[in-house]
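Student: I've got a protein model open on my screen, and I'd like to learn how to read it. Could you walk me through it?

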Amino acid sequence: MASSTINTAPMKWAQRSDSLYLTIALPDVKEETINLSDDELHFKGISGGKSYELNITFFKKTKSEDSSYKVLPRSIQMNVMKDNADEEFWTRLLKDKALEKNRVKIDWDRYVDEDEEDEAGGFDTSNLDGGQGMGGMPGGMGGMPGGMGGMPGMGGMPGMGGMPGMGGPGGMPGGMDMEALMAQMGNMGGAGGMGGMGDMGGGGEDDDDSDDDGDLPDLEGA
């Protein structure tokens with residue numbers, strides 16, 4: 001159970017032209033509440049059985065929707081984006097200069113002079129991978145369902161059903177009839193035989209019978 005006494009959470013900071021890197025130096029934080037707006041940061045949490053909080057107003061505006069944080073085993077780290085990414089380095093973190101002396105320290109591990117920024121580069125934010133957004137996250141994630149909704153478009157694949165249209169070659173049997181017709185016309189030797197075209201569908205059996213009647217006697221006679 002946490003102590004009823006509320007302690008001020010220790011914080012350290014460093015900056016680049018476009019962002020701030022804030023660290024709440026408390027290990028194994030539980031039941032944390034972190035609220036970041038463009039002007040302020042409010043934190044509450046429990047560490048080592050003690051309750052901590054931190055309420056600060058920034059020296060200048062930030063972009064809370066583009067910022068992120070992550071609770072790590074030894075601290076809570078935040079990457080807070082400045083509202084104006086091209087401005088000069090802030091002269092301090094807090095709007096209240098006197099309060100800053102008691103609540104905030106310089107993060108010397110991440111500190112660089114403004115004229116050394118190009119050489120030092122931006123912050124290493126690998127510790128924040130998989131972290132949480134601070135203000136903009138719900139809206140950003142809301143876009144995901146819309147994107148995934150496009151997947152049903154794959155339903156267009158049934159269009160491949162058009163392939164049965166290739167059944168057109170089914171007309172080939174008709175082509176075979178024509179060849180048979182032409183052959184028969186040649187045997188019949190005259191246009192008069194065309195009259196038999198209407199009966200060709202069933203003429204096969206009659207032709208077989210006539211062949212049986214006509215050819216067998218000739219074979220016996222031989």
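**Reading the model together**

Tutor: Let's begin with one residue: at 35% relative accessibility, Lys60 counts as partly exposed. Keep in mind that this is a predicted model.

Student: Which residue forms a salt bridge with Lys60?

Tutor: That's Glu87, and the closest N and O atoms of the pair are 3.3 Å apart. The two come from distant parts of the chain, 27 residues apart: Glu87 sits in the loop between strand E8 (76-82) and helix H1 (97-103), while Lys60 sits in the loop between E6 and E7.

Student: Is Glu87 buried or exposed?

Tutor: The cut-off for buried is under 20% relative accessible area. Glu87 has 15%, so it counts as buried.

Student: What else does Glu87 touch?

Tutor: If you skip neighbours within four places in sequence, Glu87 is in contact with Ser17, Lys60 and Lys82. There's also a polar contact of 2.6 Å between the side chains of Glu87 and Trp90.

Student: How many salt bridges are there in the whole structure?

Tutor: A search of the whole structure turns up three. Another one pairs Lys61 with Asp39, where the closest N and O atoms are 3.1 Å apart. Here too the pair links distant parts of the chain, 22 residues apart: Lys61 is in the loop between strand E6 (50-57) and strand E7 (62-71), and Asp39 is in the loop between strand E4 (30-36) and strand E5 (40-47).

Student: Why do Lys61 and Asp39 count as partly exposed?

Tutor: Partly exposed is the range between the buried cut-off, under 20%, and the exposed one, over 50%. Lys61 has a relative accessible area of 44%, so it goes in that middle class. Asp39 has 32%, so it goes there as well.

Student: And which residue does Asp107 form a salt bridge with?

Tutor: Asp107 pairs with Arg110, with the closest N and O atoms 2.8 Å apart. Both Asp107 and Arg110 are buried.

Student: Okay, zooming out. How many helices and strands does the protein have?

Tutor: Six helices and ten strands. Of its 222 residues, 25% count as buried. As for contacts between residues at least 6 apart in sequence, 64% of them join residues at least 24 apart.

Student: Where should I look for nonpolar residues?

Tutor: Here's the general idea: in soluble globular proteins, nonpolar side chains tend to be buried together. In this model, the largest nonpolar core has 25 residues, and those with the most contacts inside it are Leu22, Leu41, Phe43, Phe58, Met78 and Leu93. Strand E2 (11-15), E3, E4, E5, E6 and E8 each supply at least two residues of that core.

Student: Let me click on Leu22. Which residues is it in contact with?

Tutor: Leaving out neighbours within four places in sequence, its partners include Met11, Trp13, Leu41, Phe58, Met78 and Leu93.

Student: What about nonpolar residues on the surface?

Tutor: Ile106, Trp108 and Tyr111 make a nonpolar surface patch of about 340 Å². Tyr111 is in the loop between strand E9 (104-106) and helix H2 (117-120). With a relative accessible area of 38%, Tyr111 is partly exposed. For the protein as a whole, about 14,500 Å² is exposed, and carbon and sulfur atoms supply 53% of it.

Student: Now a polar one. Is Ser67 buried or exposed?

Tutor: Ser67 is buried, because its relative accessible area is just 3%. You'll find it in strand E7. A polar atom of the Ser67 side chain lies 3.0 Å from the backbone nitrogen of Met81. Beyond four places in sequence, Ser67 is in contact with several residues, among them Leu36, Asn79, Gln132 and Met134.

Student: One last try: where is Asp28?

Tutor: Asp28 lies in the loop between strand E3 (19-24) and E4. Its relative accessibility is 48%, so Asp28 counts as partly exposed. Not counting residues up to four places away, Asp28 touches Ile46, Ser47 and Pro73. Asp28 and Gly49 make a handy exercise in comparing sequence with space: they're 21 residues apart in sequence and 10.0 Å apart, C-alpha to C-alpha.

Technical notes
Residues are numbered from 1 along each chain as its sequence is written. This is a predicted model: local features need pLDDT of at least 70, side-chain atom pairs count only at pLDDT 80 or more; totals for chains, interfaces and linings use all residues. Side-chain values use heavy atoms; hydrogens and water are left out. Patches are made of residues with over 30% relative accessible area and no salt bridge: like charges are joined within 9 Å, nonpolar side chains (Val, Leu, Ile, Met, Phe, Trp, Tyr) within 5 Å. Accessible areas come from the Shrake-Rupley method with a 1.4 Å probe; for residues, only the protein chains shown count as cover. A salt bridge is a side-chain nitrogen of Lys or Arg within 4 Å of a carboxyl oxygen of Asp or Glu. Helices (H or I, at least four residues) and strands (E, at least two) are DSSP runs, numbered from the N terminus. Buried means under 20% relative accessible area, exposed over 50%, partly exposed in between (1.4 Å probe, protein chains only). Contact means heavy atoms within 4.5 Å. A nonpolar core is a set of buried Ala, Val, Leu, Ile, Met, Phe, Trp, Tyr and Cys residues joined through side-chain atoms within 4.5 Å. A polar contact is a pair of N or O atoms within 3.5 Å; within protein, one must be able to donate a hydrogen and the other to accept it, and residues adjacent in sequence count only if both atoms are side-chain atoms.
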